[in-house]
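Trainee: Could we go through this model together, one question at a time?
Mentor: Happily, let's have a look.

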Amino acid sequence: MAYYEEDDLDRFGEVGKHRPDLFEKFMAWYQACQEDGALSRREKSLIGLAVAHALQCPYCIDAYAQACLESGSNMEQMTEAIHMASAIRGGASLIHGLQAHNSVNKVSM
Amino acid sequence: MPQTLPVINAPTGAARAPADFDEKLAAHGLLLRAAATVETLQVNVGKLCNQACKHCHVDASPARTEIMTRETVDEIIDAVRRFRFPVLDITGGAPELIPSFRHLVASAHALGTRVIVRHNLTVLFEPGQDDLPQFFRAHGVEVVSSLPYFLEQQTDQQRGHGVFEKSIAALRRLNEVGYGIDGSGLDLHLVYNPVGAFLPPPQSSIEADFKRELLARYNVSFNHLYTITNMPIKRFLDYLRRSGNESRYMRKLVEAFNPHAVEGLMCRSLVSVDWTGKLFDCDFNQMLELGVAPELPQTISDFDPAKFTGRPIVTAAHCFGCTAGAGSSCGGTVTDK
């Protein structure tokens with residue numbers, strides 16, 4: 001069995017086969033989040049793309065790369081969003097260096 | 001989530017869609033019929049073009065030889081005189097390259113018809129075309145020009161190397177004679193096509209981007225931006241097939257079907273004529289050789305407006321391209337619902 005089939009993105013609805021009530025609640029929430037609000041659909045798509053990269057979810061990367069194009073973003077803007085996600089991931093790892101410092105300091109004279 | 005529908009047989013050379021367009025309309029209680037009057041006579045004067053764009057639904061290029069003769073141009077002018085179409089919309093190819101182009105524009109303008117020319121910008125730098133901006137202005141032509149993006153890379157990717165730079169130079173020439181300048185009364189509209197297998201963004205937001213960026217980067221102005229969905233026919237369909245995107249793109253169009261777009265579809269208010277004088281419901285049907293319904297007059301010389309009122313529109317899978325999302329027409333989106 002192969003992992004991460006491209007066509008599986010279009011089969012997402014099949015996840016609702018068991019406990020459709022929970023899936024419907026998820027979909028209503030998910031779709032409401034996408035609508036224009038205080039943030040535009042374009043901004044939300046860029047956030048989606050950044051989060052997709054932070055999570056390294058190939059389905060989400062595919063879906064939000066398309067959503068970004070279809071909401072009017074270009075590759076420069078999308079690349080900046082990906083760098084933001086990556087930089088925060090990098091920073092989040094790096095700041096844990098203080099945990100190491102604290103741990104070392106605790107047992108050092 | 002939408003369920004995938006079974007694939008049905010499609011006409012030769014047309015896209016394969018996961019649903020039938022007429023059945024989709026019927027499922028929404030809709031029937032596609034022409035409006036009470038033909039507002040626009042859209043004339044495709046031929047397939048000759050100085051460019052060979054990757055998405056072109058006409059398959060136009062410098063190698064094509066199919067162009068409208070003077071005799072057929074005169075039949076068009078005669079039809080404009082007899083039936084007083086409010087709008088004559090001239091497209092190609094690059095329509096300026098046919099010998100009778102200026103005769104057609106000047107004659108239709110003299111008859112009081114609003115003339116739209118689908119002008120690819122770069123043709124202005126072809127031999128004998130240097131005075132096009134002045135010619136357009138003298139005949140009150142509304143200019144509609146493709147510029148897929150405000151950045152060079154995306155534009156050249158779709159329309160060919162060096163096209164962006166020439167397009168910007170041409171836009172400046174049009175601005176210099178007043179086109180696209182507020183208050184001049186000379187309309188210059190741009191057309192955005194997605195550079196690939198995806199739907200256009202919302203027209204108003206991408207128009208704002210184009211206006212801001214073209215002015216800041218190149219000091220270029222225009223009136224409106226029309227977003228047009230790439231139609232899955234001819235060269236763009238070839239691209240979809242080569243790149244393995246056909247089924248995904250068609251599914252996207254079908255899933256984005258918007259019943260509110262149907263009322264404003266351009267086929268309801270126009271008649272399309274090909275370079276031989278044959279009649280079609282739209283330029284896309286023309287390229288698929290899907291003529292008007294067989295019981296109707298088939299050529300411009302036999303045109304009878306009464307017979308085209310409320311006529312059934314001939315449809316196929318590509319029609320999903322015009323009903324996806326906010327809809328798509330030669331004048332951009334068709335609904336805000």
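**Reading the predicted model**

Mentor: Keep in mind that this is a predicted model, and that chain B averages a pLDDT of 93, with 96% of the residues at 70 or above.

Trainee: Over which residues of chain B does pLDDT stay under 50?
Mentor: Where pLDDT is low, the predicted coordinates should not be read in detail. The stretch you ask about still has 16 contacts beyond four places in sequence in the model. In chain B, it covers residues 1–11.

Trainee: Does helix α1 of chain A lie largely in the open or is it largely buried, and what number of its residues is buried?
Mentor: This helix runs over residues 20–34 and reaches 21 Å from its first C-alpha to its last, close to the expected 21 Å. A residue needs 20 or more other C-beta atoms within 10 Å of its own to be buried. α1(A) lies largely in the open, because the number buried among its 15 residues is 0.

Trainee: Which helix gives the most to the side of chain A that touches chain B?
Mentor: The contact draws 10 residues from chain A and 10 residues from chain B. On the chain A side, the top contributor gives 3 residues, and it is helix α3 (residues 58–70).

Trainee: How are α5(B) and α6(B) oriented to each other?
Mentor: Their axes come within 8 Å and cross at roughly 110°. Angles of 65 to 115 degrees count as roughly perpendicular. α5(B) and α6(B) are therefore roughly perpendicular.

Trainee: How many charged residues does the contact of α5(B) with α6(B) have?
Mentor: Among the residues that meet are Glu152(B) and Arg159(B) in α5(B), and Glu165(B) in α6(B). By class, the contact has 2 nonpolar and 2 polar residues, and the charged ones number 4.

Key. Residues are numbered from 1 along each chain as its sequence is written. Chains are lettered from A and ligands numbered from 1 in the order in which they are written. This is a predicted model: local features need pLDDT of at least 70, side-chain atom pairs count only at pLDDT 80 or more; totals for chains, interfaces and linings use all residues. Helices (H or I, at least four residues) and strands (E, at least two) are DSSP runs, numbered from the N terminus. The expected span of a helix is 1.5 Å times one less than its number of residues. A residue is buried if 20 or more other C-beta atoms lie within 10 Å of its own, exposed if 12 or fewer, and partly exposed in between; C-beta atoms are placed from the backbone. Two residues are in contact if their C-beta atoms, placed from the backbone, lie within 7 Å. pLDDT is the predictor's confidence in each residue, from 0 to 100. Axes are lines fitted to C-alpha atoms, for helices over the stretch in contact, and angles run from 0 to 180 degrees between N-to-C directions. Angles under 35 degrees count as roughly parallel, over 145 as roughly antiparallel, 65 to 115 as roughly perpendicular and the rest as oblique. Ala, Val, Leu, Ile, Met, Phe, Trp, Tyr, Cys and Pro count as nonpolar, Asp, Glu, Lys and Arg as charged, and the others, Gly among them, as polar.
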